[in-house]
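Open the model in your viewer and keep the selection panel handy. We will go stop by stop, and at each one you will hear what to select and what is there.

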Amino acid sequence: MWGFAFPLPAMIITFLTDFGLRDAYVGAMKGVALTVAPQATLIDITHLVPPQDVRTAALLLADYVPFYPSGSVHVAVVDPGVGSARRSLAIRLDLDGAQHTLVLPDNGLAWPLLQQATAYRAVVLREPRFWLPQVSSTFHGRDIFTPVAAHLALGLDLVEFGPPAGELVRLEIPLLRREGERIIGHVVTIDHFGNCASSIRRSDLVAGVNYEVWIAGRNLGPLRRTFADVAPGAALALFSSSGRVEVALRDGNAAQVLGITCDTELELRATRAMN
Amino acid sequence: MWGFAFPLPAMIITFLTDFGLRDAYVGAMKGVALTVAPQATLIDITHLVPPQDVRTAALLLADYVPFYPSGSVHVAVVDPGVGSARRSLAIRLDLDGAQHTLVLPDNGLAWPLLQQATAYRAVVLREPRFWLPQVSSTFHGRDIFTPVAAHLALGLDLVEFGPPAGELVRLEIPLLRREGERIIGHVVTIDHFGNCASSIRRSDLVAGVNYEVWIAGRNLGPLRRTFADVAPGAALALFSSSGRVEVALRDGNAAQVLGITCDTELELRATRAMN
Amino acid sequence: MWGFAFPLPAMIITFLTDFGLRDAYVGAMKGVALTVAPQATLIDITHLVPPQDVRTAALLLADYVPFYPSGSVHVAVVDPGVGSARRSLAIRLDLDGAQHTLVLPDNGLAWPLLQQATAYRAVVLREPRFWLPQVSSTFHGRDIFTPVAAHLALGLDLVEFGPPAGELVRLEIPLLRREGERIIGHVVTIDHFGNCASSIRRSDLVAGVNYEVWIAGRNLGPLRRTFADVAPGAALALFSSSGRVEVALRDGNAAQVLGITCDTELELRATRAMN
């Protein structure tokens, strides 16, 4: 069934912001989108990115965009520099054979996703005819990013929106280092369940080597396949659904119980012992 | 106007999970749904079920599914056993003349709703051609349940997805007991307002008998029709919009003020006195 | 591109409530809407209005409705009087050349938006044929407002739903007073970021006069254009994206840091000094 051909193109716009869920900001953005593209499907990803936390938003972006159909448009607004000289971008990228378009500020938000793209081109948003007639100095999500995204969803070409962007702002994200056969990384996100995903990816491990996972002075043993491989309440390490080495607690909150925070160090030690 | 016939079939998929609202999990699921069924209408029910709380999720499911049009597909993922031997199900049920399809783990989630169905058939999800090409061991919501739901929304028959499920896992939910004309039940859910719904349903009351409602040593008097039947700030008992005996506080939070928690006992005492 | 004509009419229904995000209430409402109008686009504005806080909901309503396309229907349910004698309304209004329909209780919710309308007519909901067959006494959002909204989205005329409403309930909202060239107002909403919007609007300022903004004994200096006009962590005053005088903290939470709450007084003092 996968790859089934549909007669109608997808006209999908997703939204990720730090605007919260209590105010009218997100509702106003959606109204603007539907004014330009009334037939669009609007999808909330999350609006609870910690305020101004560009790094968390950038890592989230890389976790959902690849699951959307080709042709989707993704608005991401975590924008501490709104109203300053920071640039606004539209970026079209090729990812596993699908084409996605991002609309976001030039502050590193797109960086982790661009690392996975086979190709991309970016333009600076400079054509006010695609914006709201009056642009505020504090809410470009509503006044610039969303109407541009809706026009892109209608099928307009990227070059209509402005000139090539050249070099983009990069994001400083925690890396890993290797000491012999040890791999040392950091916790980069803690999810709703308290699961702690690290900067170490499945592809960073050396094939054929068995590892033990250490965090906060505690040996979690080998990488497990799933939660049910340990007793209820026990800590474990496994691959997250995004392919990262992750620390979890079966039926519990690992971050709280183990005292883990973002940036806590995590270590994989090679062992030849059988698991 | 009700029962009006439409030319197009509904292609509706609802989502209930304990995934929270901060992460990319829900966003990834929706992307998978739209990849299979780009024209589907995706509806968030809630993603704030307390982590791993199957009972709360099961009671919620029975409160919204009956209000959806025939042909809707409902994904429910509260899944402490993900990655273990627990089975994955698709269940088609008849409810008040409408047909609904559930896609969920076999852990009791569907149980309260099935009690209300006139008929149902269930299959075990065994056909990987309807799943994501790569299935993680921790996120079957994205990799199995959602793509199956989207194929079901496209109109595929239930039997395509796997063999009959036979006996399903049941849910232990609090019941009520009767002592003479007294009916003793428990609080089963506490909502956002602090309203406390119990295991006693409208249909459990004996016709022609008047009752007084007691909870936490306090007499709330007879069952009222609505909040405005008592003074602001006063406690009352009434039927919830789901037909359960419920304890509330007019313009206030009953759970907090009266110190009620899930499983607090509630009692209906018969009285011949006029209300 | 703005004003582009589309062949299909918008069939958009938005929802604003104080129902929270944990329960099945919102999910049940959406099911009712899709049963009547399966092709409708359903939009969540927010469900986190503080319980029974009609004033906050009314101010939010005025912040998003104007951004929706003509023909949209807006359900707003913050309804402390549910089940009492308070009336249920449908109101059609003209706003900047677009036509919107509101469906809500007659408790002042619509008041700020009606102040901006060039014309409106209101009817009392009295025709049970557009309601659910069984109407509960505590959940008119599901049983009356939503099915009425969905029938309105299908294109039925307002007069079908009941008789003219006559005088509507007004909302007491904080005003401003002038003492010479000083303008004294109050904080009316505090958003997710801690930004504090006041009752003073851009149009209340006297042209050609420069102002300094004072709050909680502190001089915030002149009205700035955007956050980046002050140093990180510094307090400032600027126009909100809704055109209100607003107090903010660059990259921080003004309400928390400055100790501002709803109803805190804010003052604009005229000054001839250059900014």
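Before the first stop, one term: the domain bounds used on this tour come from an automatic or database domain assignment. Please also keep in mind that this is a predicted model.

**Stop 1: the two domains of chain A**

Select residues 12-161 of chain A and give them one colour; this is domain 1. Then select residues 177-273 of chain A in another colour for domain 2. How far apart are the C-alpha centres of the two domains of chain A? They lie 32 Å apart.

Now look at where the two domains touch. Four residues of domain 1 of chain A and eight residues of domain 2 of chain A make up the contact. Together the two domains of chain A bury about 440 Å², and carbon and sulfur atoms account for 42% of that area.

**Stop 2: helix 2 of chain A and its salt bridge**

Show side chains for R55(A), L59(A) and D63(A). These are the residues of domain 1 of chain A that lose the most area to domain 2 of chain A, and together they make up 79% of what that side buries.

Stay here and add D263(A) to your selection. Which residue does D263(A) pair with in a salt bridge? Its partner is R55(A), and the closest N and O atoms are 3.4 Å apart. The interface between domain 1 and domain 2 of chain A has one salt bridge by the rule used, and two residue pairs are in polar contact there.

Next, select residues 54-64 of chain A, which form helix 2. Helix 2 of chain A gives the most to the side of domain 1 that touches domain 2, with three residues. By class, that side of domain 1 of chain A has one nonpolar, one polar and two charged residues.

**Stop 3: chain C against chain B**

Zoom out and display chain C with chain B. Here 40 residues of chain C are in contact with 34 residues of chain B. The area buried between these two chains is about 3200 Å², with 62% of it from carbon and sulfur atoms. To find the residues of chain C that lose the most area to chain B, select R22(C), L34(C) and T138(C); together they give 17% of what the chain C side buries.

Which helices of chain C should you highlight on this side? Pick helix 1 (25-36) and helix 4 (140-153), each of which supplies at least two residues to the side of chain C that touches chain B. Helix 1 of chain C gives the most, with nine residues. Colour this side of chain C by class and you will have 22 nonpolar, 12 polar and six charged residues.

If you go looking for salt bridges between chain C and chain B, the rule finds zero. Polar contacts between chain C and chain B are there to be inspected, in 14 residue pairs.

**Stop 4: chain C against chain A**

Swap chain B for chain A in the display. On this side, 34 residues of chain C are in contact with 40 residues of chain A. Chain C and chain A bury about 3200 Å² between them, and carbon and sulfur atoms carry 63% of it. Across this interface, the rule finds zero salt bridges and 14 residue pairs in polar contact.

Now select strand 2 (41-46), helix 2 (54-64) and strand 12 (235-239) of chain C, the elements that give two or more residues to the side touching chain A. Strand 2 of chain C gives the most to that side, with five residues. The residues of chain C that touch chain A fall into 21 nonpolar, seven polar and six charged.

**Stop 5: how the copies are arranged**

For the last stop, superpose chain C on chain A. A rotation of 120° with 0.0 Å of shift along its axis does the job, at an RMSD of 0.0 Å. The two copies are therefore related as by a three-fold rotation axis. To see where chain C comes nearest the axis, select T41(C): its C-alpha is the nearest in chain C, 4.6 Å from the axis.

Try chain C on chain B as well. That superposition also takes a rotation of 120° with 0.0 Å of shift along its axis, with an RMSD of 0.0 Å.

Why do chain C and chain A meet through different surfaces? Only 6% of the interface residues of chain C are also interface residues in chain A, so the surfaces differ. For chain C and chain B, only 5% of the interface residues of chain C are also interface residues in chain B, so these copies meet through different surfaces.

Technical notes: Residues are numbered from 1 along each chain as its sequence is written. Chains are lettered from A and ligands numbered from 1 in the order in which they are written. This is a predicted model: local features need pLDDT of at least 70, side-chain atom pairs count only at pLDDT 80 or more; totals for chains, interfaces and linings use all residues. Side-chain values use heavy atoms; hydrogens and water are left out. Contact means heavy atoms within 4.5 Å. Buried area is the accessible area (1.4 Å probe) that two parts lose on being put together, summed over both. A salt bridge is a side-chain nitrogen of Lys or Arg within 4 Å of a carboxyl oxygen of Asp or Glu. A polar contact is a pair of N or O atoms within 3.5 Å; within protein, one must be able to donate a hydrogen and the other to accept it, and residues adjacent in sequence count only if both atoms are side-chain atoms. Helices (H or I, at least four residues) and strands (E, at least two) are DSSP runs, numbered from the N terminus. Ala, Val, Leu, Ile, Met, Phe, Trp, Tyr, Cys and Pro count as nonpolar, Asp, Glu, Lys and Arg as charged, and the others, Gly among them, as polar. Copies are superposed by least squares on the C-alpha atoms of residues with pLDDT of at least 70 in both.
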